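The following exercises are to be worked with the sequence and the coordinates at hand. Each task is followed by a solution in steps.

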Amino acid sequence: MQVDFDPTQTNYTNLLQLFWENHDATSRNKAQYMSAIFFHDEEQRELAEQTMLEHQKKVPRPITTKILPAETFYDAEDYHQKYLLRRHWKIFQSLNLSDPQVITSHVATRLNGYINGHGQMADLLNEIGAWKLNEKQEEMIRDAVANVRCVGGSCSRY
């Protein structure tokens with residue numbers, strides 16, 4: 001995935017920490033699923049290498065994550081875009097987004113996280129009003145978020 005971020009809200013080092021903390025950097029996968037960090041400049045390369053060395057001290061097996069220069073980025077197939085949101089088909093359909101809009105929609109991105117256990121209900125309630133959704137959509141979203149339970153990194157509706 002490619003991450004665009006607002007440097008007034010976070011920084012590259014924080015994103016790297018999230019990366020290392022939220023996946024197994026020691027797994028050996030085929031190229032399609034390999035663990036990699038793609039850097040855009042020398043500063044990003046150095047930070048990626050530095051944080052990898054720090055993370056290696058915390059894990060017993062060798063890190064297999066590759067650190068490579070960013071080249072051409074290709075979007076995944078449409079059915080992979082906001083995959084977890086698409087599983088909530090009523091909410092997804094109600095957004096009435098074209099495939100290109102699914103990729104760039106801030107609302108779809110935020111929903112993809114919230115309805116799959118990433119974020120707190122209070123945070124959702126603070127921002128949902130700005131999304132210009134109708135009452136029925138907001139109700140479906142609140143219900144979906146309220147009914148998500150995560151155990152051991154795996155989230156599902158109950």
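The model is predicted; its mean pLDDT over the chain is 90, and 94% of the residues reach 70 or more.

**Exercise 1. Confidence and overall make-up**

Task: State which elements have the lowest and the highest mean pLDDT, and give the order of helices and strands along the chain.

Solution.
Step 1. Strand β4 (residues 154-157) has the lowest mean pLDDT among the elements, at 60. Helix α2 (residues 42-56) has the highest, at 97.
Step 2. The chain contains eight helices and four strands. Read from the N terminus, their order is α-β-α-β-α-α-α-α-α-α-β-β.
Step 3. The C-alpha trace spans about 50 × 35 × 35 Å along its principal axes. Of the 158 residues, 30% count as buried.

**Exercise 2. Domains and cores**

Task: Locate the domains of the chain and identify the residues with the most contacts inside the largest nonpolar core.

Solution.
Step 1. The domain assignment gives domain 1 as residues 12-69 and domain 2 as residues 78-151. Their C-alpha centres lie 29 Å apart.
Step 2. The largest nonpolar core comprises 18 residues, and L85, I91, L111, L124, W131 and I141 have the most contacts inside it. Two or more residues each are contributed by α4 (89-95), α6 (106-114) and α8 (135-146).
Step 3. Apart from this core lies another of 10 residues, including L16, W20, L47 and I63.
Step 4. L85 may be examined more closely. Neighbours within four places in sequence are set aside; L85 is then in contact with I91, F92, L95, A108, L111, N112, I115 and N116.
Step 5. For the chain as a whole, consider the contacts with a separation of 6 or more: 55% of them are between residues 24 or more positions apart.

**Exercise 3. A strand pair and its crossover**

Task: Determine whether strands β1 and β2 pair in the parallel or the antiparallel sense, and give the handedness of the connection between them.

Solution.
Step 1. Strand β1 (residues 36-39) pairs with strand β2 (residues 66-69) in the parallel sense, over four bridges. Within this pair, I37 stands opposite I67 of β2.
Step 2. From β1 the chain passes through α2 to β2, and this β-α-β crossover is right-handed.
Step 3. E42 belongs to helix α2. In sequence E42 and P69 are 27 residues apart, whereas in space their C-alpha atoms are 9.3 Å apart.
Step 4. The relative accessibility of E42 is 42%, so this residue counts as partly exposed, a class that lies between the limits of 20% and 50%.

**Exercise 4. Positive phi outside glycine**

Task: For N96 and K132, state the value of phi, and decide whether each residue is buried or exposed.

Solution.
Step 1. Most residues other than glycine have a negative phi.
Step 2. Phi of N96 is near 50°, a positive value in a residue that is not glycine. N96 is placed in the loop between α4 and α5 (99-104).
Step 3. K132 likewise is not a glycine and has a positive phi, of about 60°. K132 lies in the loop between α7 (121-127) and α8.
Step 4. A residue is exposed when its relative accessible area is over 50%. N96 has a relative accessible area of 67% and is therefore exposed. K132, at 77% relative accessibility, counts as exposed.

Terms used: Residues numbered from 1 in each chain as written. Predicted model: local features only at pLDDT ≥ 70, side-chain atom pairs only at ≥ 80, totals over all residues. Heavy atoms only, no water. Domains from an automatic or database assignment. Core = buried A, V, L, I, M, F, W, Y, C linked by side-chain atoms within 4.5 Å. Buried < 20%, exposed > 50% of the residue type's maximum accessible area, 1.4 Å probe, protein only. Contact = heavy atoms within 4.5 Å. pLDDT = per-residue confidence, 0-100. Pairing = 2+ DSSP bridges. Right-handed = clockwise from strand over helix to strand, strands pointing away.
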